[in-house]
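Colleague: I am new to this structure and should be grateful for a close look at its largest nonpolar core. Which residues have the most contacts inside it?

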Amino acid sequence: MLRRKNYWLLFAILLLSLTSLSPSMQVNTSNGPLEVNRRQNPSAFPDSSKVGTVDNLQITVALSPAEFTELKALSSSYSLSSGVKIDLKNIEKADAEEILLKDLTIGDSPDIIMTDGRKILDLAKHGYLLPIDVYRSVPGSAPLTRLIPQMQWNGYDWGVPLDIDPYVLVYSPQRLTELGMPSLPRNVNEWNLMLENLRKQPDKYLLALDTRTPYGFAAVLESMETSMTSVKPETLNWLQQALGDFYLSSQPDHKVWDKIQDGSIAIAAVPYSEWKRYGNASLKAEGLLGARGTNGIESIYSRSFALPAQSEHPEEAVKWLAFITGTTSQLDWLDTTGGLPALDEIYRSGPPSSVVLPFDSQLLLAEEAAPDDEPEGGWKKMTEAVALFLEGKLNATELQKQLQTSE
C-alpha cells in the first residue's frame with residue numbers, strides 16, 4: 001500500500017513539473033491594426049509570421065506613370081519568387097501628402113507607404129510608423145550615409161530610401177558673363193554684385209525658385225557657404241531685399257527653361273531630374289551638396305518607403321523593401337526611370353557610366369550627424385517657414401527664428 005502511494009506522489013510531482021514548463025495558452029490571435037504610439041516597445045509590434053499566411057501586400061506610392069510601370073514590373077519579379085501578390089496603388093503627387101496623413105490618422109493605411117525622406121522622422125515621432133529594423137529578417141543593401149540620419153530615431157530605422165534627386169543650380173555661362181560673373185556666385189558678395197548688374201536691365205530675374213519645397217532654397221544657401229540650420233541674419237536680410245528680383249512659382253512651370261535659355265532668368269534651382277530632362281549643351285548645372293562643409297543633405301530630395309503602424313504584414317513588407325531597394329533593382333530603376341540610386345555601394349567606385357552628375361559623386365558619401373534632438377515637425381516647420389518667407393509673409397528675423405527653433 002505504501003509503495004502505491006509513492007507512485008501516485010511521484011506521478012503528481014511529474015504532472016506539476018510538466019505543467020509549469022508548458023507555454024502559456026493566452027495567445028493573441030488578433031489580426032487587427034496596431035494601436036498608434038506603441039513605437040517605444042518593439043516587443044509590442046506585430047509579427048507577420050504569427051498572424052497567418054501572407055497572401056498579398058498593399059502598397060501606396062506617388063509616382064509618374066513610367067515610374068509606376070517599372071515598380072509594377074519589379075514587384076512582379078518579387079511575386080514570382082515569393083508567391084506574394086503585390087497590390088500597388090498610385091496616387092497623384094499633388095494629393096499624396098494629404099491622402100497619406102488622412103490614411104495614417106484614421107488607421108486605414110496599406111502595408112507600405114512612400115513619402116519624402118525628410119518627413120520620415122516627423123511621422124515616426126507622431127507614432128504613425130513601425131521601425132524597419134525590428135522586422136528585417138533578410139540583409140539589405142546600405143543606403144547612402146547622408147540619408148541615414150533622416151531615417152533614424154530612438155535607436156531604430158524608420159525608412160528605406162528608393163532614390164534621390166539632388167537640387168542643382170542651372171544657368172547659362174554666357175548670361176553670367178554678361179552679368180560680370182565668370183562662374184556661379186560662391187558667396188553673398190558675388191550674388192550681390194550680379195544682382196546690381198542685373199538691375200540695370202529691365203524685366204530680368206536673378207533667381208527662379210519653387211515655393212512648394214525648401215530644397216531649392218537650401219541649394220542657394222549652399223552656394224553662399226551656409227545652410228538653413230546655420231544661416232546668418234545678414235544673409236537672410238540680403239535675400240529678403242532681393243526677393244523682388246526672384247521668379248517664384250507654386251506649381252510646375254516649364255517656362256523657367258525658356259527664360260533661362262533667353263537670359264530672362266540668370267539662375268534656377270531645380271531638381272537634377274528636371275535638369276536631365278530639359279537641360280542642353282548651352283546651359284550648365286552645378287550641385288554643391290555641402291562641398292564647403294555646409295549641411296548638404298538639405299538640398300537632396302529623396303523618396304522613401306516606410307511601414308505604417310497599421311501594417312498587417314511588416315515582416316513580409318520588409319522583404320519586399322529589401323528586394324526593391326537592392327542593388328539589382330536600383331540599377332534597373334536607374335536604367336528605366338533615370339532615378340538616381342540611393343545605395344552607398346553604387347557610388348563607392350563611382351556612379352554607373354550612364355550617369356553624368358553635375359557634382360562630385362563622392363559628396364554623396366560624406367557622413368552626416370544624426371539629428372537626435374530634432375523636435376517633432378522640424379522639417380515641416382522649415383518647409384512652411386521658407387515658403388512664407390519667399391512669399392513675403394515672413395521677414396528675415398522671423399525666418400531666422402523659425403529655422404533656429406526647427407533645428
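Modeller: The account below begins with that core, continues with a helix pair that belongs to it, and then turns to other parts for context. Please bear in mind throughout that this is a predicted model.

The largest nonpolar core comprises 43 residues, and Phe217 and Ile267 are those with the most contacts inside it. Several elements build this core: β7 (160-171), α6, β8 (205-210), α7 (215-223), α8, β10 (265-271), α14 (378-390) and α15 (396-405) each contribute at least two residues. In soluble globular proteins, nonpolar side chains tend to be buried together.

Ile267 deserves a closer look. Setting aside residues up to four places away in sequence, Ile267 touches Leu169, Val170, Tyr171, Leu176, Leu184, Pro185, Trp191, Met194, Leu206, Leu207 and Ala208. A second, separate core has 32 residues, among them Leu147, Val256, Leu340 and Val355.

Two of the contributing helices also pack against each other. Helix α6 (residues 188-198) meets helix α8 (residues 233-242) at an angle of about 15°, and their axes are 11 Å apart. Because angles under 35 degrees count as roughly parallel, α6 is roughly parallel to α8. Their crossing is left-handed. On the α6 side the contact is made by Val188, Trp191, Asn192 and Leu195, and on the α8 side by Thr235, Trp238 and Ala242. Sorted by class, this contact has 5 nonpolar, 2 polar and no charged residues. Trp191 of α6 takes part in this contact and is also touched by Ile267.

Another helix pair offers a useful contrast. Helix α2 (residues 65-82) and helix α11 (residues 314-324) pack at an angle of about 125°, with axes 10 Å apart, and α2 is therefore oblique to α11. The crossing of α2 and α11 is right-handed. From α2, the contact involves Leu71, Leu74, Ser75, Ser77, Tyr78 and Ser82; from α11, it involves Glu316, Lys319, Trp320, Phe323 and Ile324. By class, the contact of α2 with α11 has 6 nonpolar, 3 polar and 2 charged residues.

Finally, Asp111 is found in the loop between α3 (93-106) and β3 (112-116). With a relative accessibility of 5%, Asp111 counts as buried. Asp111 and Ala317 are 206 residues apart in sequence, yet their C-alpha atoms are 6.6 Å apart in space. Beyond its neighbours within four places in sequence, Asp111 is in contact with Asn56, Leu57, Gln58, Ala306, Leu307, Pro308, Ser311, Glu312, His313 and Ala317.

Conventions
Residues numbered from 1 in each chain as written. Predicted model: local features only at pLDDT ≥ 70, side-chain atom pairs only at ≥ 80, totals over all residues. Heavy atoms only, no water. Axes fitted to C-alpha atoms, helices over the stretch in contact; angles between N-to-C directions. Helix = DSSP H or I, 4+ residues; strand = E, 2+ residues; numbered from the N terminus. Parallel < 35°, antiparallel > 145°, perpendicular 65-115°, else oblique. Left-handed = near helix turned anticlockwise from the far one by under 90°. Contact = heavy atoms within 4.5 Å. Nonpolar A, V, L, I, M, F, W, Y, C, P; charged D, E, K, R; others polar. Core = buried A, V, L, I, M, F, W, Y, C linked by side-chain atoms within 4.5 Å. Buried < 20%, exposed > 50% of the residue type's maximum accessible area, 1.4 Å probe, protein only.
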